[in-house]
Amino acid sequence: MTFTTRPTLRGTFGMVSSTHWLASQSAMGVLERGGNAFDAAVAAGFVLHVVEPHLNGPAGEVPAILATATDPTPRVLCGQGPAPAAATVAHFRSLGLDLVPGAGPLAAVVPGAVDAWLLLLRDHGTRTLAEVLEPAIGYAAAGHPLVGAAGQTVARVRSLFTDHWPTSARLWLRDGRPPAPGAMVTNPAYAGTLRRLVDAGRAAGTDREAQIEAARRAWREGFVAEAIDAFSRLPFRDSSGRAHAGLVTGDDLARFSATWEEPVTLDWHGHTIAKTGFWGQGPVLLQTLAVLDALDDPAVYDPSTLDGIHAQAEALKLAFADREAWYGDTGVPGSALLSAGYARARAALVGDRADTSLRPGSPAGEPPRLPSHLRDHAAGRAVPQDPSTGEPTVRADGVTRGDTCHVDVVDRWGNIISATPSGGWLQSSPAIPELGFPLGSRLQMCWLEEGLASTLRPGRRPRTTLSPTLVLRDGEPVMACGTPGGDQQDQWQLLFLLRHLAGGQELQEAIDAPTWHTTSFPASFYPREVEPGVLVLEDRIDGDVLAGLRARGHTVRLSGPWSLGRMCAVTRDPRTGVLSAAANPRGAQGYATGR
């Protein structure tokens, strides 16, 4: 029997896995009271806004993939807000900017998370708005013990708060000090915001869907939109080193609605892997799996061996290079990128040594185009390196490298969902005092250069890193999974899926196993750095394997033994009805629960 840090949970009633124990148990409480997986996911999502404020917020975003008990066809819920109407390349250039700042009001897109959660509740939930918001209101009003990482984040940006973002200082600094680990913290303003949404719903009558729609209007056209519109017009210092006002208006909120979309899928080893569209990075995972298959070598499927790590890293580099050249909100040659012929052509580029260049392909016969910011990287020339390792970090000016949350839920009826909420971090922008939360900074993923797949355009979605996953077998959903981690999300999921689906490891065993990722492609987050040839690996990986990787030309950077990855997963066996769940032990805050 293989030792694991925790058991893989099994039962038949319901399972939840998330990045915070309070969110997991809040979701489980909804299941216990008769709610379904979607009710539970909404409750968890709003709790995550409160208990992981450094990793997501109400003005952030959330993509999700789900299947219902009555229809196993996977569907994507897009809660990724677009660029505001005033967000043009010309405007940013007029401010003397070459990149969208990584923090501050100017980096905000239209908030998408709350509208998406409410749309999910309306269309697939069964509980009332008041019922699913009760846990989040309770934690915001009465308090919760803050995880140490949140207090550490506040400490890193304390001078930014005290010198430039006074509204955030009032919310997060007590007597000028950041919260200590485990300190009880409250957010009365956000509790008040949620109560006002509930009140708006109740004023619409007793019909559940009418109440939810009334709350959506209060968010998009009422008091929330009015407060965002007014606050966004105020200039605050951002990561450019200067003060700029934001661009999000009440009209932007009124025009936005979360949407239902078709997923992008790949049939792989008897399973169908479903991801969001090419407006997110999710298809990188599908491209990588296709290239590994095209290598036609069973050795490339093991993420713990020299041959496996080398092949997977090289395949990931090729897929992420295509992400830079081709992924965006419109006009992506998606069928060509996922075709078997293209996978074979890309697999032919995987050699015996690590490649340090950026090599996008030509899936539809057109030459790829990379931003001028990256042309030195594409030529393989040296670039400044970020000495940080492990989980994406927060800089003193508020720039965040991909910190995120995740939640998976499956219920006894067969409803299942994978959701990755993020953005709107406490350190992303000044807090709006009457609402109790800041705007997000996802606009930093757009380029200020014309003619690119992800060029900034009003109304277009930025190419997000958020990447939930749904897995089907014989047309039936069998697993929901995902992880925080910015550009690492699909890398860590790749290793998990290879270990579980191809290697046969149990959920918890696959999550516990040593993890690694490459940074040998352009980062999605400001200032968009590249580290050619770098592999970041947990130091539990075998020493002979590490030596072999160095001999093949990889720049090996060791991280702590339990530092990389924050995977969550739930499964359902359609034949037996048995449900399973597991969660990441790293960071000591993610938990699975169920029975």
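**Exercise 1.** Which residue in strand 21 is the bridge partner of Cys481?

*Solution.* The model used here and in the exercises below is predicted.
Step 1. Find strand 21, residues 568-572.
Step 2. Look there for the bridge partner of Cys481, which is Ala569.
Step 3. Set the pair in context: strand 17 and strand 21 run antiparallel and are joined by 4 bridges.

**Exercise 2.** Describe how strand 16 is placed against strand 17.

*Solution.*
Step 1. Strand 16 covers residues 469-473, and 5 bridges join it to strand 17. The two strands run antiparallel.
Step 2. For one facing pair, take Val471, which stands opposite Met479 of strand 17.
Step 3. Check the connection: strands 16 and 17 form a hairpin, with 2 residues between them. Asp474, in the turn, has a positive phi of about 55 degrees.

**Exercise 3.** Decide whether strand 17 and helix 11 are enclosed or open, using counts of buried residues.

*Solution.*
Step 1. A residue counts as buried under 20% relative accessible area.
Step 2. Strand 17 spans residues 476-482, and 6 of its 7 residues are buried, so the strand is largely enclosed by the rest of the structure.
Step 3. Helix 11 spans residues 223-232; because 8 of its 10 residues are buried, this helix is also largely enclosed by the rest of the structure.
Step 4. Name the buried residues of helix 11: Phe223, Val224, Ala225, Ala227, Ile228, Asp229, Phe231 and Ser232.

**Exercise 4.** Asp229 forms a salt bridge with Arg233. Find the closest N to O distance and state whether each residue is buried or exposed.

*Solution.*
Step 1. The closest N and O atoms of Arg233 and Asp229 are 2.7 Å apart.
Step 2. Asp229 has a relative accessible area of 18%, so it is buried.
Step 3. Arg233 has a relative accessibility of 54%, so it counts as exposed.

**Exercise 5.** Trace the salt bridge between Asp115 and Arg216 and place its two residues in the chain.

*Solution.*
Step 1. The side chains of Asp115 and Arg216 meet in a salt bridge of 2.8 Å, N to O.
Step 2. This pair links distant parts of the chain, with Asp115 in helix 4 (residues 113-124) and Arg216 in helix 10 (residues 208-220), 101 residues apart.
Step 3. Asp115 counts as buried, at 1% relative accessibility, and Arg216 is buried too, at 3%.
Step 4. Widen the view: Asp115, Arg122, Asp123, Glu213, Arg216 and Arg220 are linked in a network of salt bridges. The count for the model comes to 29 salt bridges.

**Exercise 6.** How many residues apart are Lys317 and Glu314, and in which helix do they lie?

*Solution.*
Step 1. Both residues lie in helix 14 (residues 306-326), 3 residues apart, about one turn of the helix.
Step 2. Residues three or four places apart in an α-helix point the same way, because there are 3.6 residues a turn.
Step 3. Lys317 and Glu314 form a salt bridge, with the closest N and O atoms 2.7 Å apart. Both residues are buried.

**Exercise 7.** Describe the surroundings of Arg586.

*Solution.*
Step 1. Arg586 is in the loop between strand 22 (579-583) and strand 23 (591-594).
Step 2. Its relative accessible area is 5%, so Arg586 is buried.
Step 3. Leaving out residues up to four places away in sequence, Arg586 touches several residues, including Asp512, Glu538, Arg540 and Trp562.
Step 4. Thr515 is also among them, and a polar contact of 3.3 Å joins the side chains of Arg586 and Thr515.

How values were computed:
Residues are numbered from 1 along each chain as its sequence is written. This is a predicted model: local features need pLDDT of at least 70, side-chain atom pairs count only at pLDDT 80 or more; totals for chains, interfaces and linings use all residues. Side-chain values use heavy atoms; hydrogens and water are left out. Buried means under 20% relative accessible area, exposed over 50%, partly exposed in between (1.4 Å probe, protein chains only). Two strands pair if DSSP finds at least two bridges between them. A salt bridge is a side-chain nitrogen of Lys or Arg within 4 Å of a carboxyl oxygen of Asp or Glu. A polar contact is a pair of N or O atoms within 3.5 Å; within protein, one must be able to donate a hydrogen and the other to accept it, and residues adjacent in sequence count only if both atoms are side-chain atoms. Contact means heavy atoms within 4.5 Å.
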